[in-house]
Structures are given as structure tokens and as C-alpha cells.
Amino acid sequence: MRKLLRLFLLDLRLLTKNKTFYLKLILFPSVLILILGTVFSDSSSQIKTFNVAFYNSDKGTYEGTEFVSLGKVLRDNVFKQKDMERIVNLKEAASYKQGKQLLKDGQVAVFVYVPEGFTKAAMKNEQTNIVLMGDNDKPLDKEIVATILDRFSASVRTQNVEQSTLLQTISSKGNIPKDKIEKVMSQISGNKELSLKIREVPTNKAAVPIDAMQYYSIAMVVMFSIMTAFVLVHSIVDEKQSHTLFRIKSTPTLNIQYVLGKLFGIILSVVIQMVIVIIISRVVFQMKWGNYFDLLVITIVYAFAIGSIILLWGFTAKDHVTVSSLASPVLYIFSFLGGSFITKSGLPDSLRVIQEIIPNGKAINSYLKVCQGAGLDGMYIDLLELIGIGLIFIIFNIMVYSGKRWSKRAIYSHGKKPAETDVSK
């Protein structure tokens, strides 16, 4: 254990003397978080209250009988409900022309028009539409209102079926005066309890929603950790070319001690990155990350898994070019599939399966669960799988390192004599 600690401290001392360590491992993630915070703190990336113009010309009459106007129901029971007022600021227009003018002048983001005879057409299952117009520069606001109208239309169709079914049942039981049937139908139209209501049941009642700033902060840290690991494995190539590895092999140092010493350096660097990103995002943008102990555990486990994978490439690489040639493909492919560039919900089902398998995808999912208030109990399977991946590649690393003959003869085989070896790397 003492030798392992000595190797780790020696490697860390050499690492801190390298200016690249501070540039790529600390400065880049810090600048990126500041850029992300500036972008996602802008109003265009958040859902805020927006203005909606509304005009209803629907009278709500059907075969001479006064019914509840569906246009009024949409206005009073949907757009003016308490929860909806937090998002939609409804402005009633005096006419269709005025509503269009409000939209044209930019005073509202969306204009909703309920045409005359809408209730009658809906009751008779005839073709009818609610007119929806939106500002092209505010597609999110229009999409929100479109979703509200779709839900309302589904509720109207359900109510229609209820009324028709009940009417058929009453009619089949004998001759009932028309005025009584119309009275029953009128009562149904005004009864909110008969129509279908879609209940939203969250899987976790204490779940906290994730915003874009939180997601991409996590995604970028996970992506940079891959680059960090590749930067650090260059030190193995340095030790090969400067014959330091040959001298280490001649000492009684165990193979596993050397491998774990290198891996601990990667783990520490990834943890430092994560701590810096958390501090900056918390102090500057008041971002909430959740339980810090859980975050630390996830970071260590993930760094152990991804570090052991990339460390294997460092032991097999002949020079710096070999290491760098694989860094970019792995970084971009893993980041894309893991959900760093495109949110995991935006990936197709076939790629989403891969996202849940690869180490950086598991890390992103685990971080998101912590931000949503879940504990380690909800992600222990992913953590165990990451530990398993790390242990498998640790065995491969030890086998490769043990099988290599870090002697001068091995260096000659690469076409270089000791005097010709580039020790500047």
C-alpha cells in the first residue's frame, strides 16, 4: 500500500507540473460551464408566462336548445384555471380581426379562435376546427397551446360518446318526452365529472424536474472525463520513451501497484473536474445538484470504469500519435451515444439501448437521478455494472503490462536506439 501511494504521489507531482493539466482538465470545463450557464439562463431556453389572444364566436345552441358553449368551457375551465395562469396570460379579443392584429403586432405569442357553430358541429360529430395561429419566432409557446387544445378536443370527443350512449339507453326504454331528453343532455354538457380526465401520476412523487442547464452541465463533465483520461495516459508513453518504465520494472514494484497508481491519478483528476464544475455552477448560477456524497460516489465509480478502459489503450500504444489517433473517435462516438450531444430522450429507441449500456451513459443517468432527488438505492445496479466493467479492464491492464518486456531490446524493436529516443515527450 505504501508503494502504491508513493507511485500515485509521484505521478501526481509530475502531473501538476504539466501546464496541459490545468488547461484541459480545469480551465476548459470551467469556461464551458460559464458558457452553458449564460446560454441556458436566457429566457428563450425556459418556459415563462406568455400572452394568448382568445376570441369565441360560438353561441352553444343545438336544435333550438341552449347548451354550454364549448368555447366558453375552453376559456373558463381550461385557460383560466389556476395552474394554467402560471404559463398562459389570456387576453380576450373583441373580434377575429383584433386577435389577428394582436398577433401581428407581437403583443401575443398565440391567437386561438373558436368559430361559430363549434358546439353544434361537435355535438353532431361533424367536422370542425379551432383556429390556432402562432408567432413563428416562438414555436415553443405555440406547441404548448396546441397540446392544450388537443387534450381539450379529446375530452369533447369522450363527452360526445357519453351523451350518445346515454341517449340511446334512454330512448330504448320507451317513449320519453323530447324536452326531458334535452334537459338530460343539457345537464350532461354542464357536468364536468362525466368527461374523461387524464391523470398525471409521477413515478416518483418527490422527483425534481431537470432543466437544460443541469442536463448539459452533467453531460459535458462526463464528456470531458473521457478527454481527461486520454490526456493522462500519455504519461505511460512518456515513461516508455524515457526508459522510466524499464527502471520501474526492475524494482520490486508489483504490476498491480503500477496499474492502480495510474488509475488513481485519472480518478482524482475526474473528481477535481466534477468539484470545480459543481462549485462554479452552484455559486454563479445557483444550480442544485442534489446529494454531494452520492455525486462523489458516482464520480469515483465512473472514473474507475472509464479510466480502466482508456488505460488499456495507453499500455498498448507505441507512441503519442497512437494514443491521440483513438482519442477523437472514442470521445465523439461515446459522447454522442451516451447522451452528451443529444439528450437521451431525443435518441431513437435503438440508440437509447446503447446509451443505457455504455459507461458514460450510465454515469449521466445516475447523475440525473441524484439531481431529481433519488438516492444510491435507485442506481445501485448501474454502479455495480460500472464497477464490474472497471474490474474486467483492470485485469486486462495487468495482463498487458505484465506481458510487455520494457527492456532496451523492446525499444530497439520499434526502430529506435536509446540515444535516438525522444525524451521531450
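This is a short guided walk through the structure above, from the whole chain down to a few single residues.

Keep in mind as you look that this is a predicted model. Let's begin with the overall picture. The protein is built with 16 helices and six strands. Of its 425 residues, 42% are buried. Turning to the outside, the protein exposes about 23600 Å², and carbon and sulfur atoms supply 59% of that area. How do the parts of the chain meet one another? Among contacts in the protein with a separation of 6 or more, 76% are between residues 24 or more positions apart.

Now find the sheet. Four strands make an open sheet, and reading across it you meet them in the order β4-β1-β5-β6, with mixed pairing. At the edges sit β4 (88–92) and β6 (131–134), each of which pairs on one side only. Ignoring direction, neighbouring strands in this sheet are turned by 20° against each other on average. For a closer look, pick out strand β1, residues 50–56: five bridges join β1 to β4, and these two strands run parallel. You can even trace one link by name, since Asn51 has Asn89 in β4 as its bridge partner.

Which helix packs on the sheet and touches β1, β4 and β5 (110–114)? That is α3, whose direction makes about 155° with that of β1. Helix α3 covers residues 70–79 and is mostly covered itself, with seven of its 10 residues buried. The buried ones are Leu70, Gly71, Val73, Leu74, Arg75, Val78 and Phe79. A second helix to look for is α4, residues 96–104, which lies across β1, β5 and β6. Helix α4 runs at about 165° to β5.

Finally, let's move to the surface. Here Leu34, Val275, Ile279, Val283 and Val284 make a nonpolar patch of about 420 Å². Where does the largest share of this patch come from? Helix α10, residues 255–285, supplies four of the residues. A little helix geometry is handy here: an α-helix has 3.6 residues a turn, so residues three or four places apart point the same way. With that in mind, look along the helix at the patch members Val275, Ile279 and Val283.

One last residue deserves a stop. Val284 lies in helix α10. Is Val284 buried, exposed or partly exposed? Val284 counts as partly exposed because its relative accessibility is 45%, and the partly exposed class lies between the buried limit of under 20% and the exposed limit of over 50%.

Note on methods. Residues are numbered from 1 along each chain as its sequence is written. This is a predicted model: local features need pLDDT of at least 70, side-chain atom pairs count only at pLDDT 80 or more; totals for chains, interfaces and linings use all residues. Side-chain values use heavy atoms; hydrogens and water are left out. Patches are made of residues with over 30% relative accessible area and no salt bridge: like charges are joined within 9 Å, nonpolar side chains (Val, Leu, Ile, Met, Phe, Trp, Tyr) within 5 Å. Accessible areas come from the Shrake-Rupley method with a 1.4 Å probe; for residues, only the protein chains shown count as cover. A salt bridge is a side-chain nitrogen of Lys or Arg within 4 Å of a carboxyl oxygen of Asp or Glu. Buried means under 20% relative accessible area, exposed over 50%, partly exposed in between (1.4 Å probe, protein chains only). Contact means heavy atoms within 4.5 Å. Two strands pair if DSSP finds at least two bridges between them. Axes are lines fitted to C-alpha atoms, for helices over the stretch in contact, and angles run from 0 to 180 degrees between N-to-C directions.
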